[in-house]
Amino acid sequence: MNLRDVYIDEVTSRIPESMRQDVALELESTIDDMTGNDPSETALFEALRQLGDPHILAARYANRPLHLIGPALFTQYVNVIKIVLPIAVTVITILSVIGYLNNSIDDTSWLPFLIQGFLQVGAAIFNVVVQTLFWITLTFFIIERTVPEGEVPFSSWKPEQLKKVKPRSTSISFGSILFDFVATVLMVVLYVNAEQMIRVVMNGKSYPLLNPSVLDRFLPFVIALAVFGIAIAIYKWMVRHWTKPLALGNALFNVVWIVVTALILLQPDLISSDAISLIADQINIDIETISRWAVWSVLLTIIIVCIIDLGEGFYKAFRR
């Protein structure tokens with residue numbers, strides 16, 4: 001795909017689908033007329049420079065009602081929100097969950113505990129969303145009304161930037177990066193607090209389901225794996241598209257994740273003997289068979305998820 005087609009795709013991908021074909025044909029004709037009989041890269045760059053930033057051109061074609069934040073700053077405004085808001089929500093969610101889990105847990109009142117936690121975390125997320133949107137909007141509102149007329153703050157787009165545009169088929173969504181980061185942090189929180197959070201409660205008696213001594217033995221491996229996972233998530237956020245080194249690193253992380261999980265789950269003394277005895281006294285079933293079934297079900301689920309994530313990275317990075 002040449003730079004002219006890349007530029008046209010950058011414009012048409014941001015306008016309604018019903019307009020894309022007509023706009024693409026119009027831009028092709030316009031660019032060809034501007035370059036004339038000189039198809040050199042220099043002439044093409046000059047033509048694209050005159051047409052300007054494809055984000056702004058797309059906004060003009062779509063005739064978007066950009067009343068509060070005008071067309072000159074609207075793209076930068078949205079981009080800042082896309083970057084800052086997910087980070088703010090992620091940080092406040094993690095801090096709220098960790099802070100709430102540090103409170104004392106009543107073994108006999110899980111439902112009220114979960115409902116209260118959901119409301120508390122939800123209120124914190126709502127507050128940070130409102131605050132973030134307000135301050136970003138106010139900042140751009142002031143900037144747009146204080147800069148000299150005709151100037152476009154933060155605009156540094158040049159046609160040469162099209163050479164760095166990566167195929168959309170290799171892109172990594174911010175949602176998946178956010179999920180990886182949050183899941184890793186919550187995994188560590190759950191693991192560290194497993195003795196308090198994962199318990200068997202029957203007839204006023206309460207025991208941890210998992211043997212704390214086994215969990216403590218593998219804690220350094222879990223922490224190291226979490227650091228590795230967060231590093232991968234940060235690198236994904238930095239590059240935002242699949243590369244071969246990233247796919248290999250992600251594959252290594254998934255393999256190590258499977259190995260560490262298998263080592264923990266297949267420990268013969270993972271399930272607390274006190275919890276097994278308590279369950280056996282109340283339920284007339286083969287507890288060991290049920291335990292083995294549960295352990296292998298969890299392990300198989302993790303293997304499938306890791307293989308899917310590993311395969312996606314290899315497919316997008318190596319198919320070009």
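Biologist: Let's start with E41. Which helix is E41 found in?

Modeller: E41 is found in helix 3. Keep in mind that this is a predicted model, so we're reading computed values here.

Biologist: Is E41 buried or exposed, or somewhere in between?

Modeller: The general idea is to look at relative accessible area: under 20% is buried, over 50% is exposed, and partly exposed is in between. E41 has a relative accessible area of 43%, so E41 is partly exposed.

Biologist: And which residues does E41 touch, if I skip those up to four places away in sequence?

Modeller: E41 touches L3 and K163. Take L3: in sequence, E41 and L3 are 38 residues apart, yet from C-alpha to C-alpha they are 8.8 Å apart in space.

Biologist: What about long-range contacts in the chain as a whole?

Modeller: Take the contacts between residues at least 6 apart in sequence: 77% of them join residues at least 24 apart.

Biologist: L3 sits in helix 1, right? How many residues of helix 1 are buried?

Modeller: Yes, L3 is in helix 1, and L3 is buried. Helix 1 covers residues 3-12, and 8 of its 10 residues are buried, so helix 1 is largely enclosed by the rest of the structure. Besides L3, the buried ones are R4, V6, Y7, I8, E10, V11 and T12.

Biologist: What covers those buried residues of helix 1?

Modeller: The cover includes helix 2, helix 3 and helix 4. For the chain, buried residues make up 37% of the 320 residues.

Biologist: Helix 2 and helix 4 came up together. How do I read a pair of packed helices?

Modeller: Two packed helices are described by the angle between their axes and by the distance between the axes. Here, helix 2 (residues 17-35) and helix 4 (residues 54-62) pack at about 125°, and their axes are 12 Å apart. Helix 2 and helix 4 are therefore oblique to each other. Their crossing is right-handed.

Biologist: Which residues meet where helix 2 packs on helix 4?

Modeller: From helix 2 you have M19, V23, E26 and L27, and they meet L57, Y61 and A62 of helix 4. Sorted by class, this contact has 6 nonpolar residues, no polar ones and 1 charged.

Biologist: The numbers in helix 2 go up in steps. Why might that be?

Modeller: An α-helix has 3.6 residues a turn, so residues three or four places apart point the same way. Look at M19, V23 and L27 in helix 2 with that in mind.

Biologist: Now the nonpolar cores. Which residues have the most contacts inside the largest one?

Modeller: They are Y191, L215, W242, I264 and L270, in a core of 23 residues. Helix 7 (174-192), helix 9 (212-239), helix 10 (244-265) and helix 12 (287-318) are the elements that give two or more residues to this core. Helix 10 supplies the largest share, 7 residues. Apart from this core lies another of 17 residues, including Y7, L27, L48 and L51.

Biologist: Let me zoom in on Y191. What is Y191 in contact with, beyond its sequence neighbours?

Modeller: Leaving aside neighbours within four places, Y191 is in contact with V214, L215, F218, L219, V222 and I264.

Biologist: One last spot: what is unusual to look at in R240's backbone?

Modeller: R240 has a positive phi of about 60°, although R240 is not a glycine. R240 lies in the loop between helix 9 and helix 10. With a relative accessible area of 34%, R240 is partly exposed.

Conventions: Residues numbered from 1 in each chain as written. Predicted model: local features only at pLDDT ≥ 70, side-chain atom pairs only at ≥ 80, totals over all residues. Heavy atoms only, no water. Core = buried A, V, L, I, M, F, W, Y, C linked by side-chain atoms within 4.5 Å. Buried < 20%, exposed > 50% of the residue type's maximum accessible area, 1.4 Å probe, protein only. Helix = DSSP H or I, 4+ residues; strand = E, 2+ residues; numbered from the N terminus. Contact = heavy atoms within 4.5 Å. Axes fitted to C-alpha atoms, helices over the stretch in contact; angles between N-to-C directions. Parallel < 35°, antiparallel > 145°, perpendicular 65-115°, else oblique. Left-handed = near helix turned anticlockwise from the far one by under 90°. Nonpolar A, V, L, I, M, F, W, Y, C, P; charged D, E, K, R; others polar.
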